[in-house]
Amino acid sequence: MANIERKAIPIMDGLWQMEADDNPHLMGSRCRACGEMFFPRKTLNFCMHCHKESLEEILFSGKGRVLMLTKVERQPAGGFYKGEVPYTYGIVQLDEGINIFSQLVDDSTLSADERVEMVVVKLYEEDEHDVMTFKFKADSTLREGVRDDGE
């Protein structure tokens, strides 16, 4: 049987990029006039907050804290979601101050107000591709000493 090499592709172009520090960073926009930030990045140079044409592309740190989370037990309606169910979903406040909706890596010990970091993981397989998405997981630098059983 031939070994077929799978190609990893993002679920949507322009959501994140890898940087020199080997960590993924979310791509966004910030208004030079009023400081408002947006995720995902805006493709038009127009700030919806102050209505000026002064957006610049920025990279977010990929770190933040969980504001709230929930377990999704059923496939969302509409057929657009192709990942596994159940999954954990929540709001993450990035260190830059913007709140985003995101999936969280399943971890029964993850809780609100916990520090998290962004990771890029496979969401599903399609033909010869691994379709990748971003999620957040507990910040590994803060969890040293925590055993697998949570103690």
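These are my notebook entries on salt bridges, one buried residue and one surface patch in a predicted model.

**Entry 1: salt bridges overall**

I began by searching the whole structure for salt bridges, and the search gave 13 of them. I noted that R6, K122, E125 and D130 are linked with one another in a network of such bridges, and I then looked up three pairs one by one.

**Entry 2: E56 and R32**

I looked at the side chains of E56 and R32, which meet in a salt bridge with an N to O distance of 3.6 Å. E56 lies in strand β5 and R32 in the loop between β3 (24-31) and β4, so this pair ties together parts that are 24 residues apart in sequence. I also checked how open each partner is: E56 is partly exposed, because its relative accessible area is 24%, whereas R32 counts as exposed at 55%.

**Entry 3: R41 and E57**

I turned next to R41, which forms a salt bridge with E57, and I found their closest N and O atoms 3.1 Å apart. Because R41 sits in the loop between β4 and β5 while E57 belongs to strand β5, the bridge ties together parts separated by 16 residues in sequence. With a relative accessibility of 26%, R41 counts as partly exposed, and E57, at 55%, counts as exposed.

**Entry 4: D113 and R65**

The third pair I looked up was D113 and R65, whose side chains meet in a salt bridge at 2.5 Å, N to O. I wrote down that this pair links distant parts of the chain, since D113 is in the loop between β8 (99-104) and β9 (115-126) and R65 is in strand β6 (residues 63-72), 48 residues apart. D113 counts as exposed at 52% relative accessibility, and R65 counts as partly exposed at 30%.

**Entry 5: T133**

Is T133 buried or exposed? I found that T133, which lies in strand β10 (residues 129-138), is buried, because its relative accessible area is 10% and the cut-off for buried is under 20%. Leaving aside residues up to four places away in sequence, I listed its contacts as I11, W16, V119, V120, V121 and L123.

**Entry 6: a nonpolar patch**

Which residues form a nonpolar patch on the surface? I noted L44, F46 and M48, which together have about 340 Å² of accessible area. I then followed L44 by itself and placed it in the loop between β4 (37-38) and β5 (55-59). L44 counts as exposed because its relative accessibility is 65%, and exposed means over 50%.

Terms used. Residues are numbered from 1 along each chain as its sequence is written. This is a predicted model: local features need pLDDT of at least 70, side-chain atom pairs count only at pLDDT 80 or more; totals for chains, interfaces and linings use all residues. Side-chain values use heavy atoms; hydrogens and water are left out. Patches are made of residues with over 30% relative accessible area and no salt bridge: like charges are joined within 9 Å, nonpolar side chains (Val, Leu, Ile, Met, Phe, Trp, Tyr) within 5 Å. Accessible areas come from the Shrake-Rupley method with a 1.4 Å probe; for residues, only the protein chains shown count as cover. A salt bridge is a side-chain nitrogen of Lys or Arg within 4 Å of a carboxyl oxygen of Asp or Glu. Helices (H or I, at least four residues) and strands (E, at least two) are DSSP runs, numbered from the N terminus. Buried means under 20% relative accessible area, exposed over 50%, partly exposed in between (1.4 Å probe, protein chains only). Contact means heavy atoms within 4.5 Å.
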